[in-house]
Each structure stands twice: as structure tokens, then as C-alpha cells.
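Work through the exercises below with the model open beside the text. Each one sets a task and then gives a solution in steps.

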Amino acid sequence: MDKMKVLAEWSYTPAKIDKGYTRKTLYVNVGEPRMEIRDVTQDMIDTFTGGRGFDLKLLWDAVKDTTKWNDPENEIVISGGPLCGITQYPGAGKSYAAFISPLSGQTYDSNSGGYWGPLTKFSGFDAVEIQGKADKDVILYINGDEGKIQILESNQPDINAYTITENLHEYFATSEADKRSISVVSAGKAAETSYYGCMNMSFYDPRRKVTRLKQAGRGGGGSIMRDKKIAAMVVKFSKMGGNENNAVDLDTLQKVGVKLHKEIHDLDDSQCKMRKIGTAHLNEIMDEYNLLPTNNYKFGQNTAEIAKIHSSEYEKLFTQGMPDGCWYGCSMACAKAVDGFTIKTGPCKGQKVTVDGPEYETVASLGSNIGVYDPLWTIEANFYADHYGVDTISLGTGIAFVCECFELGLINKTDTNGLDLNFGMKDDIMELIHRMAVGTDEFAAIVAKGIRYMKKAFAEKYKADAAKMEAIGMEGQGVETSEYVPKESIAQWGGYYLTLKGPQHDEAWLIFMDMVNKQLPTYEDKAEALHYFPNFRTWFSLVGLCKLPWNDVEPANNRIVNPPKEAAKVPEHVQNYVDIFNAVTGKAIKKEDIITMSEKVYNFQRVFQVRMKQGNAFHNIPLRALGPVFADEWDARKDYYDGKLKEIGVEPAGLSTETKIQKLQEYRLGMWDGLKTAVYKRRGWNKKGIPTVETLKRLGIDYPEVVAVVEKYSKPEDVIA
Ligand code: SF4
């Protein structure tokens, strides 16, 4: 490949890592261009810990209250955290990206596996902060071996993810083995049209001899990359040793790691089978409990078709017997792939490729939720979503909304430029995905901007019924819902729609605790869970860990020695996290400190949302998330829903289905308000969901500029008594 032209170049001396931190961050403005290496203060470590905490602190300082996603001052900040890069404990290669999201207009944070987080840290940086806009496609190159930062003029004819990633591993490596020293962050052509462009973060798989892609999928980071005309970001570091993080207590780190490796080895086959099927083990479980999103969350089950997408079908397609970890030392190895897959459509037609995934969320979003029960089709759609640089969850949930609008006659074939977009029309749906990447089709461009944008555009352009779209458009805060039917779990309404950044499965997944195991009977119980779990899960994002080894394998005696509610927290694994954090950093935290560390960042991010939304960071929930909205939806589980009416003292006999729906929805809207108040109160927020000044003080985040935001948008009457 021809040499790329160097547009700017700087030298630096990579900082050594001590106790998990380099105490330096890298700032690059790709527009000016300019580079700075900035110090990490002790206060930043004490308050924000690392990872997403560092991202948000740096982003807060970089943007204005009025910054929009496509303003040059918006940033992409990516950070691993103090545990990122350890190889002794499974799941320690994650990094976290934060930015002002095109979908929501507020901060979003999104995590990814792959080697970017560890290699940038080993190259000297606790965080990488990208600002500005280039005027032509550029590639940012961080060379940790030589202490060099370059902005290169991209010579890549194809910026789609699989192609550019493969090419750049080839370009920057000096040998086949050296390809493992490189990680590439890319987006793709559809990210230029879409508001939910994803960031693909790579690692090289020496057994398959291909580059693999993991995604910081959600929120639109890839759209921002392309808006900044960044074709890719590349890091190289080849001198990795066994204790690169310079942990203070390597013995403990190794002992705790070995314990978990053994659990995974002994128990995974009888528990979640992550090593054989990855997260796709959930497919039939979700169907069984009426939680599998089916036809835009209208139904939770499809007994006639589920066998076609049963995890055993995916098990046959995933290559077995390969250690599929997305970072060194992850014996959970859930990064499954389909090898030798022949693409049937689009620009890669006829090529044999390795496809990463699909994971459960993609099986549902680009499967049951759009009425498709064909694993080969879903694998191809997964390939193109990654390749074109869009989030499979927003893409699938968005298309599910389109299909229902089409089915209801709110849009028609003229509006879609000839596509028949009924549920299950897989050829035309695939064509729609290709059109998003081409970028010239007006309808595809609207779809690519997400449900909130579609609701407005369909009403204005096609005169579609706004109230119907409001009821069935499964978004919260502008972000598409991920792939669990939330209708029947009140706690999960909160797990999705009382979150910091919109409905994703990142904060709390309480469906089983609430709906199946009935462990959260009161609002207060639910509020406690919606305090504990989002904060506990936030901690992973501060330190650089993957959540899956936390509870996708459990000690054999977890449910014997712990009462049921405690067992859901997997206490022995929580202790592991305390031990490995202390072993790396030399600190002496206890289990309770995990929650306080997270609360600082969680509340800071909430104030950040309030700041960016000028006090209007409200939590919304679509009616379909609360219960059925159409008669066929009710009738599919008639006895169940009639029973729900009886539970609230309404006799269903003699009522029309429409009346029954209305009565249940009214009741559940009241429950939503009750839940919201209980959760806000438990979190130390006011009626508008704004943290109180007392909460900021308790957490030590009462910085003048943070307090100023709270005071600006809070009124005395907003206090929850
Ligand atoms: S559990 Fe899976 S996603 Fe998490 S680090 Fe391991 S391989 Fe990657």
C-alpha cells in the first residue's frame, strides 16, 4: 500500500504505568491540528476513578452548554480505567467512549472490547480525547513503541470497517505477529448518514488470521467520527509484558484470576455456555418467558418460529474450539464468530468472510423483532451493520418501528421508494440497509437517524398518525430500546427508561428478579434495586472491566449460601472485584465503596445531562413499554391480561378490548409515576430527576460549576418530601 502523507506529527515520551494509571491523557484536535499531553490530577482519580469517569470529566471541560453533536468542540473521549489491560483476570480489556450523542443531544457512554483500551494505556495514556473537525479524511496514529503521534491523510478508498481495519493492520504491522500489536477504531459509510453510527474496535486473531471487530455500538460515536472526517484511529504497542499495569500485588491478582478461570472451566458448560454460544444462549430463554421482542415488541414469543433461531442453531454456525477472548486472559471467551461465511448481497457479495457475532441483542433486533427467523440472514445483516458502521440494536429496533408503521399503513411503498417493508420481508429490509450506506436514498436516510427523528419526519412528510407512532416508537431519550420486552416488569421500566442515557441493557436488568422471581414487591424494593444495580454496573465502566464474567458464570454454591436477593449480586465475585482493584491500585476499598465510587460519576453524568438539555432531561416511556396498545396484542395473551385487570379491581367481562387496554394503560401510567418518584427519592434527586445539592455534597462532587447547574434548574417545590 502507498505511504500515507503525514499532515502533522509530534513526539512524546510515553509515561510509565504505576498502579494502573499513567496519569497522562492525550488531547488531539484533528482540525487545527494540535496535540497536548495533559496531567491527571489526584482529585480526578479520587472523584472519577477512570474510564467513563475520566471521559465525562474531560468532556464536561471541553463542551459548552449549547454544544451539539456535530459542533467541532464535541469530543470523542475513550478511556480504559485502572484495571484495563490486566491479563490475569477475565474480561479486563474494555474501554469506554463518551460524547454528546446525535440521538439524544446529551452525553452517551458506550463500551467495547478489542485491544484499543489496553494498547493506548500501554502507550502512555489514561484517556484519549479527540476534538475538532478535519477538512478531509484523516487517520490518527498513536505509535506507543516510538512515542509518536501522527495525523495522516487517509489513502483508504473504502472506509467500511472490515476493509479499512484489515488494511490498516497490514499497513502498520512489520510482520504477521506484529498485527497483534495494533488496534484500529473505525466506523463506516452508513455512519455518515446515520445518527447511530458505531465505533468498531479491533484486535487481530492469529488463529483465524483475520482482524476481529468489537463495537462501542450505541449512541452514535461512529457518526461523530465521520462528522470529524476521521476514517480511523490506530494505536500500536508491541512491547507488552506480564505486569504492564505495574500492579502492587501481583500474587493476589493471579490467585483471584485463577479462581475465576477454574469456575469458568468447570461451570460454564452447565450454566450459560458462553464459550460455545456467547450471549445467544438467551434466545429461547427469552422466548419462553415472553420477553423476546417480536414484531416491534408487540409480542414476546413466537412458538412457531423460535426453533429456527434456537441457540443450538447458532452453535452449529459458530466456529467451536477456538479461544474467543476479546482481550488476553479472558477464558470466558464469548466473542463468537462465524467463519467462512459467504456474503449473498451488496458490495461484498460472493466474498467469504469471518463475521463477529451475532450476539443475543442482534439475534433479536435483526431477527425476531423484525419478523425474520433466518440465522444466515441475521449473520449477513450483522456483518453489514458492523461493516457500514451502525449499531445493530438501534438499526433493528428502528427497522421494527418502520415495519409496524408499514403494516399499519402509516407509510407505504411510495414513501419507501419501492420497498415492501412488512415484517419478515428480508430481501427488502437488506436493501434498505444497503441504501443507508449509499446515502442517496431519502427514505433510508430518515430511517438511519433513529425513531425519534422518524416519528417527526413520517408525520411531516407522509402525514403518518403521530399518536400511533408515539405509542409504538420504542425509544427513550431519543435512543432505541434494546432487546427485552419490558411490558411486564415494572422494575425493568426503570432499568430501561429511568437511565442516564436512554434504554440499553447496561444499567439494570431486573426482569427476572422482578417478574419471574417476585423479589421486588414494593416501589421501595424496586427503587433500591434501581439504585444498587445501575451503580454497581457503572463501576465496571470506571475501571475497564467487562460485566459478563460478573454474573454469566456463578460460583457453584452462590444460590445455596446466599439468600435469593443477595445471590443476584453474586457476592463472591463482588469480593473478587474489590480484591483485584486493591491488588492493582494499592488502595484498600471495601464492597460498599464500589457503590460510592460509581455514585459520584453517575450523579455527575446526570447533572451533565441536565446541563446539556437545559433542565429538560426528562425520562419518557413509550406506551408499548407499559403494556399492549392494540387489540391483537392484548388478544395474544388474553387470559393473562384479563387477569391483570382483575388484579387491579377491573372486571374485564363485557368490556371491549380497546377499553381494557385503556384501563390497564391508565393504571400503569400511574405506576410509572410511582416508580419514578421512588427511584428519584432513593437516588437523592428531586421531582425532575435532578440530583440535589445535598446529594452532590454527600458524594464530594459539589464543584461550583456542577452546583450551579443544579441550582439553575431546580426549584424549592421540586423537592421530594
Ligand atoms: S466475556 Fe466476552 S465480551 Fe467480555 S471480555 Fe471476555 S470475550 Fe470479551
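Domain bounds here come from an automatic or database domain assignment, and the model to which they are applied is a predicted one.

**Exercise 1. Domains**

Task: State which residue ranges make up each domain, and find how far apart the C-alpha centres of domain 1 and domain 4 lie.

Solution. Start with the ranges: domain 1 covers 6-236, domain 2 covers 250-480, domain 3 is written as 490-620 + 685-718, and domain 4 covers 627-683. Then take the C-alpha centres of domain 1 and domain 4, which are separated by 45 Å.

**Exercise 2. The ligand shell**

Task: List the residues that surround the ligand and divide them into nonpolar, polar and charged.

Solution. The first step is to collect the shell, which consists of G91, D324, G325, C326, C330, M332, C334, A335, C546 and L548. The second step is to sort these residues, and the division comes to 7 nonpolar, 2 polar and 1 charged.

**Exercise 3. Two helices and what follows them**

Task: Compare the span of helix 24 with its expected value, decide how far this helix is enclosed, and repeat the span check for helix 28.

Solution. Helix 24, residues 591-612, has 22 residues, and the 33 Å from its first C-alpha to its last is close to the expected 32 Å. Of these 22 residues 18 are buried, and helix 24 is therefore largely enclosed by the rest of the structure. Just after helix 24 comes Q614, with a positive phi of about 50 degrees. Helix 28, residues 657-683, has 27 residues and reaches 38 Å, close to the 39 Å expected; G684 follows helix 28 and has a positive phi near 80 degrees.

**Exercise 4. An aromatic contact of helix 24**

Task: Classify the geometry of the aromatic pair formed by W60 and F608, and say which helices the pair links.

Solution. The structure holds 46 aromatic pairs. In the pair of W60 and F608, the ring centres are 5.1 Å apart and the planes stand at 65 degrees, which makes the pair edge-to-face, because planes over 60 degrees apart count as such. W60 belongs to helix 2 (residues 52-62) and F608 to helix 24, so that the pair links parts of the chain 548 residues apart. Both W60 and F608 are buried. Elsewhere, Y89, Y532, F533, F536, W539, F540, W550, Y577 and F581 form one aromatic cluster.

**Exercise 5. Salt bridges and burial**

Task: For the salt bridge between E633 and R624 and the one between K644 and E647, decide whether the partners are buried, partly exposed or exposed.

Solution. Side chains of opposite charge can pair when their charged atoms come close. The count for this model comes to 63 salt bridges. E633 and R624 meet with N and O 2.9 Å apart; E633 is buried because its relative accessibility is 2%, and R624 is buried because its relative accessible area is 0%. In a further salt bridge, at 3.2 Å from N to O, E170 meets K179, and K179 is buried at 9%.

For K644 and E647 the closest N and O atoms are 3.6 Å apart, and both residues lie in helix 27 (residues 638-647), separated by 3 residues or about one turn. K644 is partly exposed at 22%, whereas E647, at 60%, is exposed. Finally, shared partners join D205, R208, R212, D324, K336, D339 and D356 into one salt-bridge network.

Methods:
Residues are numbered from 1 along each chain as its sequence is written. This is a predicted model: local features need pLDDT of at least 70, side-chain atom pairs count only at pLDDT 80 or more; totals for chains, interfaces and linings use all residues. Side-chain values use heavy atoms; hydrogens and water are left out. A residue is near a molecule or strand if one of its heavy atoms lies within 4 Å of it. Ala, Val, Leu, Ile, Met, Phe, Trp, Tyr, Cys and Pro count as nonpolar, Asp, Glu, Lys and Arg as charged, and the others, Gly among them, as polar. Helices (H or I, at least four residues) and strands (E, at least two) are DSSP runs, numbered from the N terminus. The expected span of a helix is 1.5 Å times one less than its number of residues. Buried means under 20% relative accessible area, exposed over 50%, partly exposed in between (1.4 Å probe, protein chains only). A salt bridge is a side-chain nitrogen of Lys or Arg within 4 Å of a carboxyl oxygen of Asp or Glu. Rings of Phe, Tyr and Trp (its six-membered ring) pair if their centres lie within 6.5 Å; planes under 30 degrees apart count as stacked, over 60 as edge-to-face and the rest as tilted.
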